[in-house]
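Me: Could you walk me through this model, one question at a time?
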Amino acid sequence: MQELFGYWLPWQYERGHVEEHIATRNRVSICDLDYMAEFKIVGPAALPFAQALLTNDFSNLGIGRVRYTAMCNLEGNMVDDGTLWRLAEDEYLLITGSESDFEWVSEQASGFDVEVSNITSTWTTLAVQGPESRPVVEAMVGPGVVDSLPYYGFVRTSVVGSECLLARMGYTGEFGYEFHLAPDGAEALWRGLLDKGKSKDILPCGQAALESLRQEAGYLLVGNDHDPTTNPLEAGIGRVVGFGKPEFNGRAALAAIRKAGVSRTMVWMKLEGAEVATTGDPILIEGVQVGQVTSGSYSPTQRRGVAMGYVEPIHAIAGTAVDIRLTGADVSATISLMPLYDPGDVRTRQR
């Protein structure tokens, strides 16, 4: 167990990080994501508020659909990233990585005809991830429920006697689902999933495996890969900045950054060996620092260390050889401009 995000969370279970990672990639795993923050946005101005608060464009987001976004301040720097869910005509759910975001969201709601509530303590999330996840989920909710469920879509259903939202999404770079429900039903769901998944050799997935999975897939982690000094253009998620809409927090600043160019850019790196880079490790070319690691892990898929980090744009060239300065030694690595696992999200989007 380790303390993470203000929670006491399992770092790895009995069979360990490597087996949990491989189970997710090749079979199926379940992961407790209770620490995710959930905020309800309800009222006649729910959509205008979401459009002003978040960078992506939600004007065509249908009920039952989810969209990834960044949330920026007026300087264009990221408060957080997350997903917006449309629950009803004037009702949305914003899920982020930090409950501390609620203060910012509440402040921004001033002047809008909306009610914003923090429901983090009354919701929990269990993720079922991997190519064998569908039959396990169907064994819990019954046949037909997920037949027409699109990627980044959700349905209202019930499981183990509890109402829930069942979504086709995840944070692993793998095909999978998420259950969102009241905490009092979570233990029964967890045990039920382990039972229904026995024939698939389902494993619980701890934070160590979740870290290596999301890093392979190139997914950002608040506090590591972005913070209040990071803008979404340099973080590699410029696709979620809706410059086509007239106004949102940080739009003017981000337009100026887009015109001038970023001063650093996110890259992914394969280390030559099994060493693990950590946040803050310098990235060097011929002994000169050109960037800094934001996340690092051992990748069971790549069978080597992998890392994410920022480098000066002039050095962001695929195949560029760099050194990462670990404690006491420099380790060779190679830059990639794309995530190291399924960069086209083919596996996550498959039916």
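Reply: Happy to! A residue is called buried under 20% relative accessible area, exposed over 50%, and partly exposed in between. Please keep in mind that this is a predicted model.

Me: Is Tyr 13 buried, exposed or partly exposed?
Reply: Tyr 13 has a relative accessible area of 26%. The partly exposed class lies between the limits of 20% and 50%, so Tyr 13 is partly exposed.

Me: How is the aromatic pair of Tyr 13 and Trp 190 classed: stacked, edge-to-face or tilted?
Reply: The two ring centres are 6.2 Å apart, with 35° between the planes. Stacked needs under 30 degrees and edge-to-face over 60. The pair is therefore neither of these, and its class is tilted.

Me: Why does the pair of Tyr 13 and Trp 190 tie together parts of the chain, and how many residues apart are they in sequence?
Reply: Tyr 13 is in the loop between strand S2 (7–9) and H1, while Trp 190 belongs to helix H5 (residues 186–196). Trp 190 counts as buried, at 18% relative accessibility. Because the partners come from these two places, the parts they tie together are separated in sequence by 177 residues.

Me: Which strands hold Trp 85 and Phe 154?
Reply: Their ring centres lie 5.2 Å apart with the planes at 45°, so this pair is tilted. Trp 85 is buried at 0% relative accessibility, and Phe 154 is buried at 7%. The pair links parts 69 residues apart in sequence, with Trp 85 in strand S6 and Phe 154 in strand S10.

Me: What are the edge strands of the open sheet?
Reply: Five strands make up this sheet, in the order S5-S6-S7-S4-S8, with antiparallel pairing. An edge strand here pairs on one side only. The edge strands are S5 (66–72) and S8 (115–118).

Me: How many bridges join strand S6 to strand S7?
Reply: Strand S6 covers residues 78–88 and strand S7 covers residues 91–96, and they run antiparallel. Thr 83 stands opposite Ile 95 in S7. The number of bridges joining S6 to S7 is six.

Me: What angle does the direction of helix H3 make with that of S8?
Reply: Helix H3 (residues 101–108) packs on the sheet. It touches S4, S5, S6, S7 and S8. With the direction of S8, the direction of H3 makes about 170°.

Me: Which ring has the charged end of Arg 258 over it?
Reply: The charged end of Arg 258 is 3.8 Å from the centre of the ring. That ring belongs to Phe 243.

Definitions and conventions: Residues numbered from 1 in each chain as written. Predicted model: local features only at pLDDT ≥ 70, side-chain atom pairs only at ≥ 80, totals over all residues. Heavy atoms only, no water. Pairing = 2+ DSSP bridges. Helix = DSSP H or I, 4+ residues; strand = E, 2+ residues; numbered from the N terminus. Contact = heavy atoms within 4.5 Å. Axes fitted to C-alpha atoms, helices over the stretch in contact; angles between N-to-C directions. Phe/Tyr/Trp six-rings, centres within 6.5 Å; stacked < 30°, edge-to-face > 60°. Buried < 20%, exposed > 50% of the residue type's maximum accessible area, 1.4 Å probe, protein only. Lys NZ or Arg CZ within 6 Å of the ring centre and 35° of its normal.
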